[in-house]
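Please open the model in your viewer and keep the selection panel at hand. The stops below go from aromatic contacts to a strand and then to a pocket.

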Amino acid sequence: IYYLDTSKVDKYTRTEVTSETDTQYLNVLFAIGEGEIDGIGSIEINGTSINNLAEPPTIWTRLGTNVQEKIPFFNTVRTFKQYSSGGQLLTQSVPLTLTTDGTDIGAFDVYLRCSSLYRVDQATGALQDDTVSITIEHSLSGQNQWTVQNFTIRSKSRSAITRLFRIPSTGFLTAGQYDIRVTRISQHSTSLYQSNEIYFMGVYEISDRDLIYPKTALLAMRIK
């Protein structure tokens with residue numbers, strides 16, 4: 001059995017952050033050895049067994065065979081296309097449209113950023129949750145046949161928060177070049193007691209390539 005202490009591994013193949021509604025996940029793929037191994041066990045994070053964590057990460061392992069199953073979230077090629085330098089402020093009911101560079105795109109992550117998101121109770125001064133609602137639409141480029149999905153971001157933070165919304169949430173679209181349209185639905189507040197600006201930063205274009213990393217032993221984690 002191969003025992004892995006992740007604190008001593010200095011090589012990883014991929015790492016990225018993804019979101020599902022208001023929950024963010026850290027996805028990390030470690031390349032822990034060249035060639036086939038017998039097994040992987042005793043996984044710890046900061047010296048604590050994953051079995052003793054309040055919310056254990058989802059774990060996948062591959063033993064480095066020549067033909068091994070792909071691992072979810074790590075079997076694709078992912079590249080970023082920026083909408084504009086520093087992002088573009090979304091204003092209510094004004095859509096922003098971006099066309100992917102890739103022509104074999106099967107999914108994408110829409111990257112949004114709020115400089116802060118909160119409201120203040122004027123009576124008590126307490127910080128409270130605020131929300132921003134948006135729609136994300138997509139169509140094969142030039143076809144003008146839009147699929148619409150609604151999303152809400154909720155937080156009470158004076159610091160910047162980011163969200164990545166995956167389209168589709170599972171699986172893949174028909175591979176192609178896509179037009180992507182993002183629209184703010186909720187009202188933009190100008191009150192001193194509320195902050196809810198949101199910026200469209202760009203899109204991570206995702207192509208399904210069935211990457212399996214043959215002859216490399218792998219450990220993948222999805223951490224909430």
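Rings of Phe, Tyr and Trp (its six-membered ring) are taken as a pair if their centres lie within 6.5 Å, with planes under 30 degrees apart counted as stacked, over 60 as edge-to-face and the rest as tilted. By this rule the count comes to six aromatic pairs in what is, throughout this tour, a predicted model.

Start by selecting Phe-80 and Tyr-204, whose ring centres are 4.7 Å apart and whose planes meet at 45°, so that the pair is tilted. This contact links distant parts of the chain, since Phe-80 belongs to strand β7 (residues 76-82) and Tyr-204 to strand β18 (residues 199-208), 124 residues apart. Phe-80 is partly exposed at 37% relative accessibility, and Tyr-204 is partly exposed as well, with a relative accessible area of 22%. Add Tyr-111 to the selection, and you have the three members of one aromatic cluster, Phe-80, Tyr-111 and Tyr-204.

Next, select Phe-151 and Phe-165, where the ring centres lie 4.6 Å apart and the planes are at 35°, so this pair is tilted. Because Phe-151 lies in strand β14 and Phe-165 in strand β15, the pair ties together parts that are 14 residues apart in sequence. Both rings belong to buried residues, with a relative accessibility of 16% for Phe-151 and 2% for Phe-165.

Two further rings carry a charge over them. Display Trp-146 to find the charged end of Arg-181 over its ring, 3.8 Å from the centre, and then Phe-73, where the charged end of Arg-222 sits over the ring at 4.0 Å from its centre.

Now turn to strand β19 (residues 216-223), in which seven of the eight residues are buried, so that the strand is largely enclosed by the rest of the structure. Strand β3 (residues 23-34) pairs with β19 in the antiparallel sense over eight bridges, and Leu-26 has Ile-223 of β19 as its bridge partner. Strand β6 (residues 58-63) also runs antiparallel to β19, joined to it by six bridges, and here Ile-59 is bridged to Met-221 of β19.

Finish at the largest pocket, which holds about 430 Å³ of space. Of its 24 lining residues, the closest to the centre are Phe-73, Arg-166, Pro-168, Ser-169 and Thr-170. Which strand gives the most to this lining? Strand β2 does, with five residues, while β2 (12-20), β14 (147-155) and β15 (161-167) each supply at least two. Coloured by residue class, the lining divides into nine nonpolar, nine polar and six charged residues.

Terms used: Residues numbered from 1 in each chain as written. Predicted model: local features only at pLDDT ≥ 70, side-chain atom pairs only at ≥ 80, totals over all residues. Heavy atoms only, no water. 1 Å grid on protein atoms, 1.4 Å probe; cavity = no way out; pocket = protein on both sides within 12 Å on 5 of 7 lines; lining within 4 Å. Points joined across faces, edges and corners; volume = space filled by probe spheres on them. Helix = DSSP H or I, 4+ residues; strand = E, 2+ residues; numbered from the N terminus. Nonpolar A, V, L, I, M, F, W, Y, C, P; charged D, E, K, R; others polar. Buried < 20%, exposed > 50% of the residue type's maximum accessible area, 1.4 Å probe, protein only. Pairing = 2+ DSSP bridges. Lys NZ or Arg CZ within 6 Å of the ring centre and 35° of its normal.
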